[in-house]
Every structure is written in structure tokens, then in C-alpha cells.
Amino acid sequence: MGHYMLSFHWSSLLFCLGLLLHSGKAKVHTKIQAGPLYRVLGTPLSISCNVSGFTSTETLKEFQFMITKPDKPQFAFNIISTHDQDFAYAMYSRRVRSGDITLRHASPNSVVFEIQSLQKGDEGDYECFVVNSESVYDGVYNAKATVKVIDNSLSVSSSVSTSLSYNEGDALTLTCQASSNTIQHTHLSFAWYLLKDVEEDAKPIISLDRDFTLSPGQGFEERYHAGHIRLDKTGEATYKLTMSQLEVSDRGKIFCQAQEWIQDPDRSWYTITQKDAEKTTLNVKAREVMPDTSSLVVRISAQQTTLQEGQELSLSCNVDAANLEERLLTVAWLQGSVELARIGPTGVLSVGPEYSGREREGELRAARIEDRHYRLILQPVRTEDQGEYFCQAWHRDKGQDGAFIQGAVQKSGPQRIIISATESGLSVEMQPLVNINEGDRLKLTCKVDGVKGQLSVTWHHRSTTSTATTLFRDVISLSREGVSETEGEFLSRGVKATRPAPDTFTLELDEVTPTDSGVYRCTVSEWKSNSKIYSQSQTTTVTVTPIESSVTVRLITRKSSVTVGENVELLCRVQGPRVPVTLIWSLRRDASTVDNILTLYYDGGISWSGDQQGYQVKVENKRNEVQHYLLINGASHREAGMYQCRASVFVENVHKKLPESNQVAVMVQNPVSKLILTSPRTLTRHINGDIEIKCSLSSDPLTFPRYAVTWLRHHQAENKTIISSDREALVTFGTQVEPSSRQRISMRRTKGPSFELTVRQAQLSDDGSYICEVVEWLQDPRGNWYELSPVSQITEVKVVEPANDLQWEVNEHQQLITTEGGEVELQCNIISGALGPSFFYKVAWLYSGNGSPLTNVPLVELDHTGLLRYPENQALVGLQGRLHLYRPTQSSFYLKIQRAHEADSGTFQCQVDQYQLDRDGHWQQKASDKAGPITLTVNVVEKNLFIVMDEVERNVSRSQHFTVPCHISSQSSSESKFQVTWLWQRDSETEQRPIFTAYRNATLQDRFDNGDQLRFGHRLPNQFSLTVMKPVPENSGRYSCEVEEWLPSLSRGWRKVAVEKSGYMTVHVFPGGQSEPQCSSSTWIGIFVPLVICLLLVIFLLVLKICMNKVSGGKKSGQSLWVEDHPLNTKPSADE
């Protein structure tokens, strides 16, 4: 498959290069034999291919042949190559190896491609490729020729027996039939050949070429010019050879040969097929003669010149000459110009064909009575025997070369014989006229009356082309014993003579032809005592209507105009007599080419031609006609054209073509396009901007179309192609588009589908009407692509000079507040009317720090050419490293600060300069302006520190510890660190003083001045505590905690973000071991008395329960759950 794709792409490359070079003067030119070439199945095919224009004419060029078949026009199959043995596909490799397919060099620049025996699958387009051996391509390296493979319909036959024997000097007549059923325009050539026993090759005796020119063969010229050899075409397909005087050198095998010729497109004639008839062995016996130059005197006489019908006619012939005994004489009797019989030098009797039947019946006898006396007897005579009789004689001399030479013929004077009819009761009656169609059976009836003796009958025939004086030929006879005997040329025919009733005789002749037309005579003879006493005849005229006159062929269809994919039904009606018909369906696609679709033979066989996958046939027999249907399933443009059905019959080994049917045109139309185009009606663009025109398509998705799109511009009253894309998406520029302008023009396909034309850097000259023209391509049922009518849409484009102004979306002073570490996006948006692809912008972001000497310092710049630059400033290096400048739209310039620092706080401002290219390609500044300032404040974190503020008062003794808690309920950040300080104020003091501090780095500081009396606690991240151990009254006072929240800053390290103070905890420390006032005795009594009462009540309820259980146990003893009260039972014994 890879090899095929390589070959296919290579051929496509050659084709494209050929197209590109077509406009110039190509150097290399490849030429192949012009097609279409019609060749016959099973015969050889030869195609020549040559190339010219290479630098070296002596270098051997390499060629290769490929084929594209009708059923797969989109695929090319490798056949053979002169340089690559593995080039052929598997389907051809075996034939290449066997030599059935060859490719040989005729010269360094030409090859001959040959197929020895064509197959049906060999039909297609043959393409010859020449391999380029040079470094550049300049010309056409391939050429195509179409080959059509047709059936062999040539028929050649002869009805002569396989062996014939004649004497030297005798006359020979042979007939042969040759015909063809090919629908293409062909010519037949015909020849008679003689293959002598001592020679290997047959030599032509006489031939008739395709132009109907008659030519004698070598060695037969003199005999042809003397009139002794003739070739006559006696019918549509019958050729007759006549050799009036056979010679000994004519011994051998004689046969006829026909060739079928067709004219190729190059006007040359080519033999597509030839056939030979069966050979007939011809034996010619030589005769020995003595030379004598004396003349002959011939006389004729009759015993009786006036006879009655049934009597004997005796004709004597006397010959006088010197040395008669030494001469080889031949004597013949003639009635008018018809020879009755002759006696040769050996005394052998030869009877003319018209009298052969009477000689077999014993009615004609002839003999040599003496050396000079010859006699002929005809009995019984008939009335048609009346007329003038002649006798002629000649001698034969032997020449120096041993061949016999016939002497001059001497003819007697006429002898008039008169025959009158005799009285008899025998009468014969026949139907006077009989009309019959060719191919039918002829049946003639002869009615007799007045019969007294035995009867015999002889049927005779005289053709319509004969004159009234021409004698009848015997057809068949039926003797009085009922024995039939067929005569002459009717031996090979289906002829039969019967006597179905005593007074009825019939003649039956099968499959009559127009040559059987004429006069038929029924001769009935009456016999008595083995002697024929009387004969009576009657004639009838038979007319055989040629089958072409009796059969009509008509082609009809109900629907001749269809849409691609619809079905078509053609009906060919063959009306007339029932004969075996061979029908050929043909299609003419153009004025010169007729292609066979199929041949339906009379025996039911079907032969398809080429790619006919879309056709089906059906045959129905009706009462008076045969209906042949041709069905086109899913018509495509390939099936469009003029259809015709042609019928022929094969009668007597001859193809007889019947009248052709009328032609029926089948038109295959494209479906109505459902393609809808959408594009803007008008479009206005600025100079030096981009013109983008979008052409959106909408069509029937079920057809899976492809599109060929062409963009045109209406300029100077004509449409000029700008750029186009074919259905394979191959993009090409129009021939009128300058190479310098092609860089500005492009076309692309987007979803939808849509096709977008882009013209960059628009100029005022680009004004005008732009046309989007789309051709929709669909696939027909055969897989071939066809195009629908183009659909177009116009867009008016106006290119204008834009206004040079700058406007801002927001021009007021803006305030932005953010948290340190986050991202900040500063926006700068243009809403100027001068936006467009023709304008380019330079943007610079300026910075002024809070409390800093930096004022309107450029942070980052993006110029109009797309170059990004960071101006050098050591104070801004940190900030510049965290900047991201981007442009989401043409009118937007955004600056993003990543990981904002507190030190980034300040004022930012966007400055934009507008530029445009002039026609010379120089940058021109059109405008410049600054947007409103943006003040940015970056806070480390938002304060969110809260501490429990509850006010608590406690009394403790000296022996009790007390704890001062410090709980943080919320914090500003999860990264916060805390510094906690506990404060104490004595009752006598006015201010609190710190007594203990827990720093954020886990460092502790005790300021209580009482040793280790303080204990620090930190159980949870947000809970701190300070415990005073063993307090003394001096430790009384107000306690509280103060919390400082610290967070890391990106620019300043750790910093305090919040300070909160808790509520007061007032502690009273009492001396004497009492920490708080004691409870009174009355209080304890109030608690103890109820408790005692509850206990007594519980005891009473338990005792009552136990007593009730004992009483219930006296009525029924229950089993104890204790083990001792329930001894285990022993296991029962077997006895139990």
C-alpha cells in the first residue's frame, strides 16, 4: 500500500508540475498512442510511448505503466516498469513474470507496452510515465491512452466437405460466410488461401481488402486476368470462389480467412481479430495427352425432333478430326447456355447441377458409342425440355512444363426440339403465392388428382435473381417407394419431403433465408411397370421477407431526465417473429465514441463490457414481442448519453444485423443546490489595516459535500480571481495577482464551515466589490465527484483613512487597595475611534512612590513593534521582576503586579503613543496621551485581633493558687505570632505594671520579684495563662493581659500589626487559711435531712420486695439456679 501511495503521489506531483509549467514553453514532452483503442478479448494489445526534450538523447530513459480502471477511477494500479522489478501490483505481477505483459525499449527514448492476451479487466486508462533523470522538472512526463476491450463477434464458416477430388481442367466453386456483430464501425477483409502439401505457409489465391479492392495472390495473377479465378460476394456475408480450370498445382488444403479492421484515432487501420474456416483438402488428378494442333468439327443430331411429353429424346454428337484416336476429347451437351452433361477423355460422365437429380432418377444417360460418336438420352421428356440444344467439344494438350492446356472449344449448330403435352388424368395443384418470414419454416403442399399408377415427386427451386430461362435446381425427391434424396447445396439444410396423404406431397425447409425466395416447382411423375409414363408440374412463388423487414426494434423510457442518484428504466421492444436474437446495449457519450454496455446472447449468455456496476438487465417474453429492460441503479453523469439497443440474429453461420433502435437520450441533472452563503454586505476598514471577509456556508449535511471556494474582485468591469481553494483544499492564487501582493493575501477555513479572506495592510486601491463564489461538490453513487452550480455573495469593501485621536475608557483618578502578597491588575483601555489593524501602539507604565523621590519613573515599556523593555533603575529592580505586561485585546494594556509588597504602594500611570506605517514603510507617530493616575495602597494585613474581655472577681486563701487566663478569640492571619504580657495593679496603685512577658520567639521574662511564684501556661495556640502560686494578701489587686500580634512583612520583616488588652481580673487574697466565707450549720442541716429520708425510703422498698417473693414461693417451689440444688442425671442404660 505504501508503494502505491508513493507512486500515486509521485504521479500527482508530476501532474501539478506539468500544470505549473504549462503556461511556459515546456522542454520535455511525453507522447502516447492516441485513444480510445478498441481491441478484442483474447487478442494482443500494443501501445507505444516516447519522450523528447531531455538533455541527453542517447541516455536510456526509464518508463513505467499504470492503469486506472472504470470501476475505480480514483485509484491507479502499477503494471510494469523498465527499472523496478517489484513495481507491479500482485494482480499483474504473475502476468509480468509469465511474459504475458511486457515493456521493452524500442529506442533510448521510446518503449512498447504489450499484452499478449487481453482480458476483460484490462479495460481502462493506461498512463505512461517517464522517470526524470535530470535535476529539474521542465515539461510533461506522463501521457494517457484509453483502451476498450470488446467481445470477439467475428464468425467465419464454410459448408464444403473436408475433402474434394477433381480432374485437371475441371471447375471448382466454393462458398464461405463471414460476418461480425461488432457495433463499432469496422471493415472486413476476406481471402481464399491455398496451403500446398510441400509448403509450410499458405498463399493467398485471391483477396478482397477492407476497401473492397480485389487482388490475386502471387502465382495466380495470369489465371485471374484470364478470368479463370473469381471472387464474388453473393450476399450480405457470402463469398464465392470460382476456379474454372483447376490445375495439378492447385493440390493442397484450401480455406477462407476473414479479418476485422478498425480505424484508430490516429487514422491508422488495425486488425483487431481474424478467423479461418475449416480447411478443405483438394485433390486434382493429372491427365496425359498427346499434342495435336488439328481443328475439330462438331455436329449434333436428334432421332426425333418433335416429341410428346414422356417420350425419349436422343441427341447424338459427332466429332471429326485428324488423329482422333490419340486425342483427349471432352464432349458436352447444352440446352441454351445450361450444360446438361459432359463426357471426359476417360469416358466419365459429369452432369450439370440442374440435371443431377434426373440423372439419379435414370432420366438422363450419356455414353461414348464410338471414337467419334457420343449420345445423350433424356426420358421421359418434359415440356420444359423444349428448346435449342448444342454440342461442343475440345481437346487438351500437354505443355512443355507438364501442365495441360485446354484447346479451342468447337460448338455445333443448334438443334430445335419441340415437346408437346400428352393427355393424362394426372393433375397437380399448388398455392400460387407464399409469403414467409426469414427464419421460419417453409411448408409447401402439392395436391394431385387423377392418379392411376405409382407416383414420385421432385421439388425444384429457381431463385429470384435468376432469369426466366434459367433452369430449376433440384431440392429433394421422393421416390415411388418412399425414399427421399436431398440434392446439392440442400444437403446441409433442414429439408424434408413427405407424402402425408395419397394425394398430397409436402416440402418442408427449416430456417429459410431471403436467398430461398423464388419459384418452387413440384414435379409429380406417374410410373407403370417401372417406367415413367407421365410427369406433371406446378409452380408457386415464395417470398421470404428478410428478418430486418419483419422485426422492429424500439427503445422507450418513461423518464429520460433524472437527478443524480435516481433510477432509470429503459425498455427495448423487439417485435416480430420469434427468432434467436442477440441484443447489444450501447451508450454514446459523445459524437465519436460508442461504448458497449453489455451483450445478451440468444443462448442466454451475458457479456459485460468495462465498468457496468450500475446496470441490471431483465427480459420478459410477451405474446408478440420480447421486452428487454436495462435498469440504471443510481444514475451518475457517467451514465448520461444516447442509449441504443441493437439486435442481430445468427442465421446459417452468419451474423445478420437487424435495424437499430431509435436513440434515447438520458440526461442526468445535478440536484438543486441547498447551499446558502452568508457574508457581510458592506465592510469598512482603515488603511493599512486588515480586511477580513468571512463567507459562511450552510448546506445539506447528509450529502457530505466538499467545497471549492474562489474569491474574486470586481475591478474595471470584470471579475478577477484573487485566490481559490479546490475541493481538495489546494490553494492557488489568481494569475493576475502580482507576486508582491500574494504576501498580503491569505484564505483559511474555520468551523461552520466558513472561508475567510484576509487582505493585510489594506490600501485605498483595495476598495471594491469582493465576491465569494462557492462550488459545491457531491459524490455520485459510483464515488465520483461532480459539481453543482456556483453560488456567490458580494461584499462591498471601503478602505478609509481613520481619525487620529486617543480616548480612554476611564480617565479619572482611581484608588486600589490590596493586601501584601496578592496580585494586582492595573488596567488601561482605549476607546478611541482610531482602532484598527493599521494602528500600532507604544505603551509605558510610569510609577511614583509614596514618600519616595521616584516620580513618573518608567517601569516597563512595550513599543509599537512588539519589543518589551524594562528601563534600568536600581530602586525598582525588585518591583520590575514581579511585573507582567500583557495585551488581551488591541485596545487593552494590562499591568499585573505579582506578590505585591507594602513598599509597592504609590501612583501608577499609563502612557500610550499611537503609530502608523506610511506608504513608504516608515513609522509615523499620530497621537500620544496619558490615562488617569491609579493610586495603589498595599496593606500587610487587615487587623482582626480579638481577646476575651470578661471582668472577673475572685477570693482566694493563701493556700490556693489562682490563674490569670489570656484567651485570643480571633487573629488577623494564620501566620501571626503573639507577644503576651500580664499586668498587675495593687489596690493602692494607680497604674498597672508588667509582671510577666511571653515573647513571640518563646522567650519568657519574669518581673514579679518574688522568685518562682509565677507559672506560665500555653496549652493551645490561642490560649495563654499565668498562675500565681501560694499567693499572699500583698498579691491582691487587678490583673490583666496585653497581646501584641506580629506578622512577617515582604519588604520590612516582622512588624506589629495589632495590640489588644483583656478585661480585669480582681483577686482578693485572705489571710488565716480561708479563702472564701464558710457555709452556716443551718445550710448543712438543710442538705443532710432530705438525703437521710431518701435512703430510708429505698431500704423500705427493698424489704417489701423480699417479703412478697417469699409468700409466692410457698405456693409453688421453683427450681434454684444454683448447681448444688440440681444434680446431673446419669446417662440412660441400654435396657432403659
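Biologist: In this predicted model, what is the strand order of the open sheet of 3 strands?

Modeller: The sheet is open and its strands pair in the antiparallel sense. Its edge strands are β66 (824-829) and β70 (883-886), each of which pairs on one side only. The twist from one strand to the next averages 15°. Read across the sheet, the order is β66-β71-β70.

Biologist: Which residue stands opposite Tyr886 in β71?

Modeller: Strand β71 covers residues 892-897, and 4 bridges pair it with β70 in the antiparallel sense. Tyr886 belongs to β70, which spans 883-886. The residue opposite Tyr886 in β71 is Tyr894.

Biologist: Is strand β82 mostly covered or mostly open, and how many of its residues are buried?

Modeller: Strand β82 comprises residues 1023-1028. A residue counts as buried when its relative accessible area is under 20%. By that cut-off β82 is mostly covered, and the number of buried residues is 5 of 6.

Biologist: How many bridges join strand β77 to β82?

Modeller: Strand β77 consists of residues 962-970 and runs antiparallel to β82. Within this pairing, His967 stands opposite Gln1023 of β82. The number of bridges that join β77 to β82 is 6.

Biologist: Through how many residues does the hairpin join β81 to β82?

Modeller: Strand β81, residues 1014-1020, runs antiparallel to β82, and 5 bridges join the two. One of the partners is Arg1015, whose bridge partner in β82 is Thr1027. The hairpin connects β81 to β82 through 2 residues.

Biologist: Why does Lys1030 count as exposed?

Modeller: Lys1030 lies in the loop between β82 and β83 (1037-1049). It has a positive phi of about 45° although it is not a glycine. Lys1030 counts as exposed because the term applies to a relative accessible area over 50%, and its own value is 60%.

Biologist: Asn856 also has a positive phi; what is its class of exposure?

Modeller: Asn856 is not a glycine, yet its phi is about 50°. It is placed in the loop between β67 (839-849) and β68 (857-862). Its relative accessibility is 40%, and a value between the cut-offs of 20% and 50% gives an intermediate class. Asn856 is therefore partly exposed.

Biologist: Which residue is joined to Pro380 by a cis peptide bond?

Modeller: Pro380 is found in the loop between β28 (373-378) and β29 (387-398). The omega angle of the cis bond is about -5°. The residue joined to Pro380 is Gln379.

Biologist: What is the omega angle of the cis peptide bond between Gly752 and Pro753?

Modeller: Pro753 has its place in the loop between β60 (745-750) and β61 (754-759). A cis peptide bond joins Pro753 to Gly752. The omega angle of this bond is about 0°.

Biologist: What is the accessible area of the nonpolar surface patch that includes Phe1100?

Modeller: Phe1100 lies in helix α8, which spans residues 1081-1115. With a relative accessible area of 53%, Phe1100 is exposed, since that class begins over 50%. Phe1100 forms the patch with Leu1097, Leu1101, Leu1104 and Met1108. Together these residues have an accessible area of about 530 Å².

Key: Residues numbered from 1 in each chain as written. Predicted model: local features only at pLDDT ≥ 70, side-chain atom pairs only at ≥ 80, totals over all residues. Heavy atoms only, no water. Patch = residues over 30% accessible without salt bridge, like charges linked within 9 Å, V, L, I, M, F, W, Y side chains within 5 Å. Areas by Shrake-Rupley, 256 points an atom, 1.4 Å probe, with all protein chains shown as cover. Salt bridge = Lys/Arg side-chain N within 4 Å of Asp/Glu carboxyl O. Helix = DSSP H or I, 4+ residues; strand = E, 2+ residues; numbered from the N terminus. Buried < 20%, exposed > 50% of the residue type's maximum accessible area, 1.4 Å probe, protein only. Pairing = 2+ DSSP bridges. Axes fitted to C-alpha atoms, helices over the stretch in contact; angles between N-to-C directions.
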